[in-house]
Amino acid sequence: MAGYYVWKSFSEDEDRQEKPRRYGVTEIRSPEYSIMRQDALQDILESIGEFVDGLKFSGGSHSLMPKDFVKEITDLAHRHDVYVSTGDWAEHLLRKGPAAFKHYVEECKNLGFDTIELNAASLKIPEESLLRFVRLIKSVGLKAKPQFSVKFEGADIPTAGNRAFGAYVAPVQKNYEFVEDVDLLIRRAERCLEAGADMIMIDADDVCKYAEDLRTDIIAKIVGRLGLEKTMFEASNAKTSEWFVKRYGPKVNLFIDHSQAMNLECLRGSNLGRNHASVLGLDSSLYLFR
C-alpha cells in the first residue's frame with residue numbers, strides 16, 4: 001500500500017514501517033456499549049485502514065454478539081491487515097473452572113481473534129497462573145497481551161526479602177488497600193515477556209488517563225525497562241496521544257478510540273506539518289460510530 005496515499009508513505013527512515021508493524025502500532029477501540037455496525041467499521045477500514053493496526057472488542061462486547069457476526073467482523077479486519085484483540089474478558093470465565101479458559105482460547109482462535117488480552121488486575125490470580133495462561137495462548141498460535149495497572153492490592157505485594165522469583169510468601173489477610181508499585185509492575189511484565197507474551201498493555205488509570213495529570217516518571221521508567229516495541233499505552237484522549245508522540249516519537253504503540261485514528265496518524269507523520277485540517281480536509285466526525 002506504500003504510495004497509495006498522496007500525502008503519506010511508510011518507510012524505515014520516515015515515521016514507521018508498513019504493516020504489519022512491530023512498533024508505531026495503533027489499536028482502536030470498538031464501541032463498548034452498543035453493537036458495532038459492520039458497515040461503519042468497513043467505512044473506517046476502507047478510508048484509513050492503512051493507519052490502523054489492531055481492533056479491540058472492549059468490555060467483552062464480543063460475548064454479546066452472535067458467533068457468525070463476530071467472525072464476519074474478524075474476517076473484515078483481516079482483509080485490511082488489521083489484527084483483532086479480545087479485550088479483557090477472560091476473568092469472567094475463571095469461575096467456571098480451569099478447563100473454561102482453555103475452551104475460551106480455542107473458541108477465540110476459531111472466531112478469528114489474533115490476540116487475547118489478560119487483565120492481571122481483574123483476573124486476580126497468582127503470578128505463576130498468569131504465566132501459564134500466557135503459554136497456553138501462545139501454544140495455539142495466538143498472541144498474548146497482559147495488561148497491568150500501576151496499583152496493586154496491598155496483600156499482593158511481596159514483603160521485603162520475598163521478592164525473588166518463586167519465593168514463598170506466607171498468606172496474609174485480604175484487604176482492599178491499593179498501593180502504587182511500578183517496580184512490581186515491571187517485574188511481572190518482564191516475566192510475562194519471558195514466558196512469550198508479545199506486548200504489555202499499560203492501564204491508563206493513575207498513569208495516563210488525563211493529559212493534565214500524566215505520571216511522566218512512571219511512563220519513563222516503564223519505557224526504559226520494557227522498551228517502546230514491547231509496550232502499549234492506553235491514550236484516553238487526543239491530548240494524551242499528542243503528548244506520547246511528542247515525547248517518544250511516532251514509534252510509540254497506542255490504544256485509542258476509533259474516532260482519534262486520523263488525528264493520531266497526523267501526529268505521527270513528520271512530513272504533514274502542524275495544520276492537520278488543511279492537509280486532510282476531512283471532518284473527523286464522519287468516522288464516529290453512531
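Colleague: What hand does the crossing of H7 and H8 have?

Modeller: H7 passes H8 in a right-handed crossing: the near helix is turned clockwise from the far one by less than a right angle, where anticlockwise would be left-handed. Helices are DSSP runs (H or I, at least four residues), numbered from the N terminus. This is a predicted model, in which local features need pLDDT of at least 70 and side-chain atom pairs count only at pLDDT 80 or more, while totals for chains, interfaces and linings use all residues. Residues are numbered from 1 along each chain as its sequence is written, and side-chain values use heavy atoms, without hydrogens and water.

Colleague: Why are H7 and H8 called oblique to each other?

Modeller: H7 (residues 216–226) and H8 (residues 238–248) pack at about 50°, with their axes 13 Å apart. Angles under 35 degrees count as roughly parallel, over 145 as roughly antiparallel, 65 to 115 as roughly perpendicular and the rest as oblique. H7 and H8 are therefore oblique.

Colleague: Which residues of H7 and H8 meet?

Modeller: Thr216, Ile219, Ala220 and Val223 of H7 meet Trp243, Phe244 and Tyr248 of H8, contact meaning heavy atoms within 4.5 Å.

Colleague: What makes H8 roughly parallel to H9?

Modeller: The axes of H8 and H9 (residues 261–268) come within 10 Å and cross at roughly 20°. That angle makes H8 roughly parallel to H9. The crossing of H8 and H9 is right-handed.

Colleague: Which residues make the contact of H8 with H9?

Modeller: H8 supplies Ala238, Ser241, Glu242 and Val245, and H9 supplies Asn263, Leu264, Leu267 and Arg268.

Note on methods. Axes are lines fitted to C-alpha atoms, for helices over the stretch in contact, and angles run from 0 to 180 degrees between N-to-C directions. Helices (H or I, at least four residues) and strands (E, at least two) are DSSP runs, numbered from the N terminus.
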